[in-house]
Amino acid sequence: MTDASLETLRCRAAALPSLRELLGDPARLAALHCEGAGITADFSRQRVRLEDRDALLAYATARGLAQGTEQLFRPNLLNPTERRAVLHTALRRTPEETPLMLDGVDISAAIAEALRRMGRIAEDLRSGRWRGATGAAITDVVHIGIGGSFLGPALACEALGPCTGPQLHFLANVDGVAAQRTLAGLDPTRTVIIVASKSFSTLETQVNARTVRRWFLNRGLSEGDLKHHCLAITTQLDAAAAFGIPPEQCLPLWDWVGGRFSLWSPMGLPVAIAQGMTTFEALLAGARAMDEHFRTADGAHNLPLLLSLFEFWNQNVLGTQSHAFLPYADALTQLPAYLQQLEMESNGKSVTADGQPVPEATGTILWGTVGTNGQHATHQLLHQGTQPFSATFVFPRRGAPGLEDHQRWLRAHCIAQAEAFARGLTEAEIRASLTEAGVEPEEAKRLAPHKRLPGNHPSSLLIIDQVDAHSLGALLSLHEHKVFCHGMLWGINSFDQWGVEFGKVLGDTLYAAQAPQGDVPALSASAEASLRAALPTDGKP
């Protein structure tokens, strides 16, 4: 469709009823409840009529989403700026499926072999067969990575509960305090590290890996001993070997898998170590179930497509400025941070895939916190602030066994917040309530404006049965596909991230400038002044 078609959508929105009015339509309520891959989606609090949903589906058709969807599951060039295929979905295929050929290579066979090796390593560590240089069994594993090499494995390990194998620790931030705290209390003779970097050159990962390497050597291990304590997930075998990691202890990550889509690859090794390969396979199965739903469900019941279209409508038609992601499950505390990278690194673009300026607002400013914590922090702004927003709630039907009353309260608060966002509270309702409670009419009139909630804030509710590997896999796959749909709607490349490169270059320059004779010739006087001010004032490092 042309830009005029988006203007047509905006014209439709001019006559939209309020959410209060829309919530009373039982036919609409039934039509906006959908299911797929074990997830029930309640879209009834989206500020759309059914005819608006249908108009959005027509818009998606005109943007080529059906054809684009199929490209995700076959050889493609969906990342044209880097001239790379995008095939993270291949990582979730079953061994029984037909070979998938890319550039003359059966990547299905390569994936199966990599996952077989991954499973063997995980089981060796879990069973105690893997021994350190002194013969001691491994009790702790430190996963060193950042971005997509960190967020997915860390989320999954926390979400799926206590380790049943060695304890997992994650080191991402280049801040030395993070390294000190991670290593504090660990026994180097009983510790294995995983260096997770496709290029084996990611700055933060390399700095942290070198620090941990010194930690091993300063505590009695030799250079030759390191092979008993180091693994890598990388394509750069020579660089890994120079570090002390032999090729047989390196797992691959292919260039057709972007970092933020890599949990399904050997990057998920921490999950297999912590919970076992069967749990990792259940994670893949959940993602695969959502893949199948995305490919086969009709538009009116397609969860990733609808989630994407409604957020597109909210942002580009209704003018929301951010999206609050609110999981009402403590196990999913890290999910907003994971989705921040997935959304904001993928779709934070200002030009189309063919290099032309994007005429509309792209990308989603996503943030959030776990419920009910947010109700006592951020929700005040959501209920009574002036910035328009949309939201997604996630809720598991089942919580901690034996603590069902906790789950009843959690369920009540999750749905209450969604209702409050949608319905709001009018001054007339407040005054009537206060008067009924015995407050004098003049005092009720004075208080009513301060208690008013505007409401009319759109939200989606995603319900899973419980937080487990299958449901987590489906949730993450759902949002991967939603991000892809957004990219198609905006006409951008969701699979590159050139914007982060310039900051890396400046960082290298400023690092070099901290040498005794260093200067900052390529940067501003402001940068030089900031650098000098940030140095310790006593002259010590």
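**Exercise 1. Find the volume of the largest pocket and describe what lines it.**

Step 1. The largest pocket holds about 1,300 Å³ of space. A pocket is found on a 1 Å grid over the protein atoms alone: it is an open set of points with protein on both sides within 12 Å along at least five of seven lines. Grid points are joined across faces, edges and corners, and the volume is the space filled by probe spheres set on the points.

The model is predicted: local features need pLDDT of at least 70, side-chain atom pairs count only at pLDDT 80 or more, and totals for chains, interfaces and linings use all residues. Residues are numbered from 1 along each chain as its sequence is written, and side-chain values use heavy atoms, with hydrogens and water left out.

Step 2. The lining of the largest pocket has 45 residues; a lining residue has an atom within 4 Å of a point. Nearest the centre of the pocket lie Ile146, Thr202, Val500, Glu501 and Lys504.

Step 3. Helices α9, α14 (335-347) and α20 (499-512) each give at least two residues to this lining. The most comes from α20, with seven residues. Helices (H or I, at least four residues) and strands (E, at least two) are DSSP runs, numbered from the N terminus.

Step 4. Sorted by class, the lining has 17 nonpolar, 17 polar and 11 charged residues. Ala, Val, Leu, Ile, Met, Phe, Trp, Tyr, Cys and Pro count as nonpolar, Asp, Glu, Lys and Arg as charged, and the others, Gly among them, as polar.

**Exercise 2. Which residues line the largest cavity, and how do they divide by class?**

Step 1. The count comes to one cavity of 30 Å³ or more. A cavity is a set of grid points where a 1.4 Å probe fits but cannot get out. The volume of the largest cavity is about 50 Å³.

Step 2. Its lining consists of Glu311, Gln315, Thr320, Gln321, Ser322, His323, Thr364 and Ser390. Both α13 (303-318) and β10 supply at least two residues of this lining.

Step 3. The division is no nonpolar, seven polar and one charged.

**Exercise 3. Give the strand order of the five-stranded sheet, then place β5 and α9 in the picture.**

Step 1. The sheet is open, with the order β6-β5-β7-β8-β9 and parallel pairing. Two strands pair if DSSP finds at least two bridges between them. The edge strands β6 (167-171) and β9 (250-251) each pair on one side only.

Step 2. Strand β5 (residues 140-144) runs parallel to β7 (residues 191-196), and five bridges join them. In this pair, Asp140 stands opposite Thr191. Strands β5 and β6 are also parallel, over five bridges, and Val141 has Leu168 in β6 as its bridge partner.

Step 3. Helix α9 (residues 203-218) packs on this sheet and touches β5, β6, β7 and β8 (230-233). Contact means heavy atoms within 4.5 Å. The direction of α9 makes about 160 degrees with that of β7. Axes are lines fitted to C-alpha atoms, for helices over the stretch in contact, and angles run from 0 to 180 degrees between N-to-C directions.

Step 4. Five of the five residues of β5 are buried, so this strand is largely enclosed by the rest of the structure. Buried means under 20% relative accessible area, exposed over 50%, and partly exposed in between (1.4 Å probe, protein chains only). Asp140, Val142 and Ile144 point one way from β5, while Val141 and His143 point the other way.

**Exercise 4. Which strands stand at the edges of the six-stranded sheet, and which helix lies across β13?**

Step 1. This open sheet has the order β1-β2-β13-β12-β10-β11, with mixed pairing. At the edges are β1 (33-36) and β11 (366-367), each with a single partner strand, so one side of each is left without a neighbour in the sheet.

Step 2. Strands β2 (residues 39-42) and β13 (residues 459-464) are antiparallel over three bridges. The bridge partner of Asp42 in β13 is Leu461.

Step 3. Helix α19 (residues 469-490) lies across β2, β10 (322-327), β12 (389-396) and β13, at about 150 degrees to β13.

**Exercise 5. Is Ala37 buried or exposed, and is Asp103 buried or exposed?**

Step 1. Ala37 is in the loop between β1 and β2, and its phi is near 55 degrees. At 18% relative accessibility, Ala37 is buried.

Step 2. Asp103 is in the loop between β3 (101-102) and β4 (105-106), and its phi is near 55 degrees. At 75% relative accessibility, Asp103 is exposed.
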